[in-house]
Amino acid sequence: MNLNKKVVVTCAITGLLTDPKKFNVPVTPREMATATQQAFDAGATIVHTHFRSQQPGLGAWPTWDLKEVGDILGAIRNQVPEMIINMSTGLVGNDISGPAACLEAFKPDMAACNAGSLNYLKIRQDGVWAWPPILFDNPVEKVKRFLDVMMANNVIPEFECFDTGIVRSVAMYQANGMFQGDAHLSFVMGVDSGMPANPALIPILKEELPPNAHWQVIATGPGREKI
């Protein structure tokens, strides 16, 4: 590493589907803002935000409700105005109206753009699926619709890549004119059916980056839980 280059740390203060009844994750606007402040004080400069329903008993589930999302982002911006906000957008299915409306309404600095599809799987020790197998579907036309909204609202896309072929696809999106500017990629490692969290993969992935690209590693979870 060139020690003259700055290293930017991103903190995802809560997971996509982490149950707050089982784990100490922030859900409410005040909790989200406090966790963002703690991350900033520890050296992070980007916060990756997943938004949870504020309805009683639903704090483990995502929301695209404009008021709920707006209250969370407003609390974060008021308490930690220096923090760069990276908004989650991931969802299963073809209807992107929820995250698209949030992008248009709140214009975060950055937003996740899941750059390819993945069979999202997890197996228990007894061989039973931890959840019914899910296709996290991100076909090119869906990626383009997200990018069209981001480009129209001056939101920088952060391409989340779960496997090597998805990393390679980003260069093709750029060549096709689907986005402008340098590419920002996240190597998502540790999903059981995606790239393993193996540092030996990083030199290979770097070789597949578009010119002048920025990259980071997202390592999912503290370790494999016993299930």
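**Helix α5 and its cover**

I looked up what packs over α5 in this predicted model. The cover of its buried residues includes α4, β7 (156-161), β8 (184-189) and α6 (202-207). Contact here means heavy atoms within 4.5 Å. Helices (H or I, at least four residues) and strands (E, at least two) are DSSP runs, numbered from the N terminus.

Which residues of α5 are buried? I noted Ile166, Val167, Ser169, Val170 and Tyr173, in a helix that runs over residues 164-175. They sit on the same side of α5, because they cover an arc of only 155 degrees around the axis. That arc is taken from the directions from the helix axis to the C-beta atoms. An α-helix has 3.6 residues a turn, so residues three or four places apart point the same way. On the other side of α5, I found Arg168, Met172 and Ala175 exposed. For these labels, buried is under 20% relative accessible area, exposed is over 50%, and partly exposed is in between (1.4 Å probe, protein chains only). Gly177 follows α5 and has a positive phi, near 80 degrees.

**Ground rules**

I number residues from 1 along each chain as its sequence is written, and side-chain values use heavy atoms, with hydrogens and water left out. Local features need pLDDT of at least 70 and side-chain atom pairs count only at pLDDT 80 or more, while totals for chains, interfaces and linings use all residues.

**Whole chain**

I listed six helices and nine strands. The radius of gyration of the chain is 17 Å, which agrees with the value near 17 Å for a compact globule of 227 residues. The radius is taken over C-alpha atoms, and the globule rule is 2.2 Å times the number of residues to the power 0.38. The C-alpha trace spans about 45 × 45 × 40 Å along its principal axes. Of the 227 residues, 41% count as buried. I also checked contacts with a separation of 6 or more: 70% of them join residues 24 or more positions apart.

**Two single residues**

His48: buried or exposed? His48 counts as buried, because its relative accessibility is 6%. His48 lies in strand β2 (residues 46-49). Beyond its neighbours within four places in sequence, its contacts include Thr10, Cys11, Asn86, Ala112, Glu158 and Glu160.

I then turned to Asn154, in the loop between α4 and β7. Asn154 counts as exposed, at 71% relative accessibility. From Asn154 to Met32 I read 24 Å, C-alpha to C-alpha, across 122 residues of sequence.

**Cavities**

How many cavities of 30 Å³ or more are there? The search of the whole structure finds two. A cavity is a set of points on a 1 Å grid over the protein atoms alone where a 1.4 Å probe fits but cannot get out; lining residues have an atom within 4 Å of a point. Points are joined across faces, edges and corners, and a volume is the space filled by probe spheres set on them.

The largest has a volume of about 50 Å³. Its lining includes Leu16, His50, Phe51, Trp64 and Ser88. I count four nonpolar, four polar and no charged residues there. Ala, Val, Leu, Ile, Met, Phe, Trp, Tyr, Cys and Pro are nonpolar; Asp, Glu, Lys and Arg are charged; the others, Gly among them, are polar.

The second largest holds about 40 Å³. Cys113, Asn138, Lys142 and Phe146 are among its lining residues. β4 (110-114) and α4 (140-152) each supply at least two of them. By class, I noted three nonpolar, four polar and one charged.

Definitions and conventions:
On a 1 Å grid over the protein atoms alone, a cavity is a set of points where a 1.4 Å probe fits but cannot get out, and a pocket is an open set with protein on both sides within 12 Å along at least five of seven lines; lining residues have an atom within 4 Å of a point.
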